[in-house]
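Here's a quick tour of a single chain, from its overall layout down to one residue worth zooming in on. Load it up and follow along.

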Amino acid sequence: MNAALRLIATGGALPGRTVTNEDLSRMVDTSDEWITTRTGIQTRHHCTTETHTDMCVGAARQALENAGISPEDIGACVVATFSSDYLSPSAACMVQRGLGLPHDAVCFDLNAACSGFLFAIHTMECLLAQAPRKYGLVIGAEMLSRFINWEDRGTCVLFGDGAGAVVVEWREDYPSIHAVLGCHGDPDMLGAVSYTHLRAHETRG
């Protein structure tokens, strides 16, 4: 069987506050020229009153509307994130409540950092193969303004907040997704990630 997914529609949600490079230059030793020439980034969005859940639900609702699909048609929902509002319940369960997805829809979060959306798409392919309904919601969302180390100009200029969602459909006659997924538990890499995580919590504390 050569079954896979087709992307039906997309949706997105951004918080209202726009943070420019000039704004950041007043917070950390940087400049618009330094950021733009190295990253191409000129603005990013940060949450004020918005929550991670707000962005996920907003992006998913837009994707459903663009697809012409109702929440009752969804067989599974996977949110790729590591900055959700709660450890439990998951962001996906909050989306289920916010949109009124069926109670038998599989809803959970997946934490794979930058590669999370790709992992989530492949996971959705497997889920929908066994689901009674063949439409799924895949959402990528982060609220990284809560974790940023504002003393590190190499990272604080890169990240913002936002959510993107896709509605996908599983069918037996769709071409298979060609992807090679894996992980590298390199000690140096894991050590660097742990240090960044620690610094983020120190900044928040």
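## Before we start

One term first: a polar contact here is a pair of N or O atoms within 3.5 Å, where one must be able to donate a hydrogen and the other to accept it. Keep that in mind for His52, which comes up further down. Also note that this is a predicted model.

## The overall layout

The chain has seven helices and seven strands. Reading from the N terminus, the order goes β-β-α-α-β-α-β-α-β-α-β-α-β-α. There are 205 residues, and 40% of them are buried.

Contacts reach a long way along the sequence: if you take those between residues at least 6 apart, 79% link residues at least 24 apart. As for the outside, the accessible surface is about 11100 Å², and carbon and sulfur atoms account for 55% of that.

## The sheet

Five of the strands make an open sheet with mixed pairing, in the order 1-7-6-4-5. Strand 1 and strand 5 sit at the edges, each pairing on one side only. From one strand to the next, the twist averages 20°.

Let's look at one pair inside that sheet. Strand 6 and strand 7 run antiparallel and are joined by nine bridges. Within strand 7, Glu169 is the residue opposite Tyr135.

## Helices across the sheet

Helix 5, residues 116-130, lies across strand 1, strand 4, strand 5, strand 6 and strand 7. Its angle to strand 4 is about 160°. Helix 4 lies across strand 4, strand 5 and strand 6, and runs at about 140° to strand 5.

Which residues of helix 4 (residues 91-99) are buried? They are Ala91, Ala92, Met94, Val95, Gln96 and Leu99. Their cover includes helix 3 (52-67), strand 4 (74-80), strand 5 (106-110) and strand 6 (135-143). Just past the end of helix 4 comes Gly100, with a positive phi of about 75°.

## Two nonpolar cores

In soluble globular proteins, nonpolar side chains tend to be buried together. The largest nonpolar core in this chain has 29 residues, and the members touching the most others are Cys77, Val79, Val95, Leu99, Leu101, Leu137 and Ile139. Strand 1 (4-13), helix 3, strand 4, helix 4, strand 6 and strand 7 (161-171) each give two or more residues to this core. Helix 3 supplies the largest share, eight residues.

Val79 is a good one to click on. Leaving aside neighbours within four places in sequence, Val79 is in contact with His52, Cys56, Ala91, Ala92, Val95, Phe108, Asp109, Leu110 and Ile139. There's also a second, separate core of 14 residues, with Val78, Leu110, Val138 and Trp170 among them.

## Zooming in on His52

His52 belongs to helix 3. Is His52 buried or exposed? His52 counts as buried because its relative accessibility is 0%, and the cut-off for buried is under 20%.

What surrounds His52? Apart from neighbours within four places in sequence, its contacts are Val79, Thr81, Ser83, Ser84, Asp85, Ala91, Ala141, Glu142 and Met143. This is where the opening definition comes in: a polar atom of the His52 side chain lies 3.4 Å from the backbone oxygen of Ala141.

Definitions and conventions
Residues are numbered from 1 along each chain as its sequence is written. This is a predicted model: local features need pLDDT of at least 70, side-chain atom pairs count only at pLDDT 80 or more; totals for chains, interfaces and linings use all residues. Side-chain values use heavy atoms; hydrogens and water are left out. Buried means under 20% relative accessible area, exposed over 50%, partly exposed in between (1.4 Å probe, protein chains only). Helices (H or I, at least four residues) and strands (E, at least two) are DSSP runs, numbered from the N terminus. Contact means heavy atoms within 4.5 Å. A nonpolar core is a set of buried Ala, Val, Leu, Ile, Met, Phe, Trp, Tyr and Cys residues joined through side-chain atoms within 4.5 Å. Accessible areas come from the Shrake-Rupley method with a 1.4 Å probe; for residues, only the protein chains shown count as cover. Two strands pair if DSSP finds at least two bridges between them. Axes are lines fitted to C-alpha atoms, for helices over the stretch in contact, and angles run from 0 to 180 degrees between N-to-C directions.
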